[in-house]
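Biologist: I should be grateful for a close look at a single part of this model, followed outward into whatever surrounds it. Please keep the account connected, and state the grounds for each conclusion.

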Amino acid sequence: MKKEIVVISDIWGKSKSDWFEKFDEKLGDDYLVRYYDACQLSKVETEPYEQERLHHQFVQFGINNAVDKLLAAEKSSRIYIGCSVGGVIAWKAGLKGLPIEKLITISSTRLRKESKAPNCQLYNFFGYNDDHKPNSDWLNSSIYGSTFLIEGGHDIYKESLSIDHIIYQTKLR
């Protein structure tokens, strides 16, 4: 039986996440890849699709809703890949007891506000040109696991070359 990888989307959710297929294409031969739509997990209102509106809802209540729903749904230790807010959701769920074998966060810039880390293998990836990435003290702290800056901006999780780099660095293949 294949190991499971759970991918949690960014604030745009499934309807604007065609990049998810890249993870499935690259990892599907070796893993069972499952996907959570962060908008559905968090119970945010997506219409109209506006970044500031979605962001505000996630910060106000959505992240907490998603953490609670993830804790209720997932009972076994798995590998999680969280893209942007999806990484924050998995991180906070890990702090509350979600069993995580390995957590890979990609462009989860709100982690800059975190002072504790879940007890699991941690890999954090940020775009070198992402204006909201954590400061150098956070990036260099061993508390937060292995942290990498890679070429690009916030949307590195949508790019095939970045995904290949992340798979290699995290030893998924």
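Modeller: Lys116 is found in the loop that runs between β4 and β5. The model is a predicted one, and the description that follows should be read accordingly. With a relative accessible area of 58%, Lys116 is exposed, because exposure is assigned over 50%. Even so, Lys116 has partners beyond its sequence neighbours: with residues up to four places away left out, it touches Trp91, Leu95 and Tyr144. Asp10 stands 106 residues from Lys116 along the chain, and the C-alpha atoms of the two are 22 Å apart.

The loop between β4 and β5 also holds Ser107. In contrast to the exposed Lys116, Ser107 is buried, with a relative accessible area of 0%. The backbone of Ser107 deserves attention as well, since its phi is positive, near 60°, and the residue is not glycine. As a general rule, most residues other than glycine have a negative phi.

The two strands that this loop joins lead into the interior. Strands β4 (100–106) and β5 (121–127) each supply at least two residues of the largest nonpolar core, a set of 32 residues. Within that core, the residues with the most contacts are Ile8, Phe58, Leu70, Tyr80, Ile89 and Leu103. Other elements that give at least two residues each include β1 (3–8), α2 (38–42), α3 (51–73), α4 (85–95) and α5 (136–140). Tyr80 illustrates how these parts come together. Apart from neighbours within four places in sequence, its contacts are Val6, Ile8, Leu70, Glu74, Ala90, Leu98, Pro99, Ile100, Lys102, Leu103 and Ile104. One of these, Ile104, belongs to a second, separate core of 23 residues, which also includes Val7, Ile79 and Tyr123.

Strands β4 and β5 have a further role in the packing, as they are among the elements against which the buried residues of α6 are set; the others are α1 (20–27) and β6 (146–150). Which residues of α6 are buried? In this helix, residues 160–169, they are Ser162, Ile163, Ile166 and Ile167. Viewed down the axis of α6, these residues fall within an arc of 135°, and they therefore line one face of the helix. The face directed away from this buried side bears the exposed residues Leu161 and Tyr168.

Helix α1 has a comparable set of buried residues, namely Phe20, Phe23, Lys26 and Leu27. Because they cover an arc of only 135° around the axis, they lie on the same side of α1. Their cover includes α6 together with β1, β2 (31–36), β3 (78–83) and β4.

The relation between α1 and α6 can now be stated. In general, two packed helices are described by the angle between their axes and the distance between the axes. For α1 and α6 the angle is about 45° and the axes are 11 Å apart. Angles under 35 degrees count as roughly parallel and 65 to 115 as roughly perpendicular, so α1 is oblique to α6. The crossing of the two helices is right-handed. At the contact, α1 contributes Lys22, Phe23, Lys26 and Leu27, which meet Ser160, Ile163, Asp164 and Ile167 of α6.

Is Lys26 of α1 buried or exposed? Its relative accessible area is 18%, and burial is assigned under 20%, so Lys26 counts as buried. Beyond residues up to four places away in sequence, Lys26 touches Ser160, Ile163, Asp164, Ile167 and Arg173.

Just after α6 comes Lys171, whose phi is positive at about 60°. Like Ser107, Lys171 is thus a residue other than glycine with phi near 60°. The two differ in surroundings: Ser107 is buried, whereas Lys171 is exposed, at 61% relative accessibility.

On the other side of α1, in the loop that follows β1 and leads to α1, lies Ser17. At 6% relative accessibility, Ser17 counts as buried. Leaving aside neighbours within four places in sequence, Ser17 is in contact with Ser9, Asp10 and Tyr35. Asp10 is the residue whose C-alpha atom was placed 22 Å from that of Lys116.

One more backbone feature completes the account. Glu47 and Pro48 are joined by a cis peptide bond, with omega about -5°, and Pro48 belongs to the loop between α2 and α3. In general, most peptide bonds are trans.

Definitions and conventions:
Residues numbered from 1 in each chain as written. Predicted model: local features only at pLDDT ≥ 70, side-chain atom pairs only at ≥ 80, totals over all residues. Heavy atoms only, no water. Core = buried A, V, L, I, M, F, W, Y, C linked by side-chain atoms within 4.5 Å. Buried < 20%, exposed > 50% of the residue type's maximum accessible area, 1.4 Å probe, protein only. Helix = DSSP H or I, 4+ residues; strand = E, 2+ residues; numbered from the N terminus. Contact = heavy atoms within 4.5 Å. Arc of directions from axis to C-beta. Axes fitted to C-alpha atoms, helices over the stretch in contact; angles between N-to-C directions. Parallel < 35°, antiparallel > 145°, perpendicular 65-115°, else oblique. Left-handed = near helix turned anticlockwise from the far one by under 90°.
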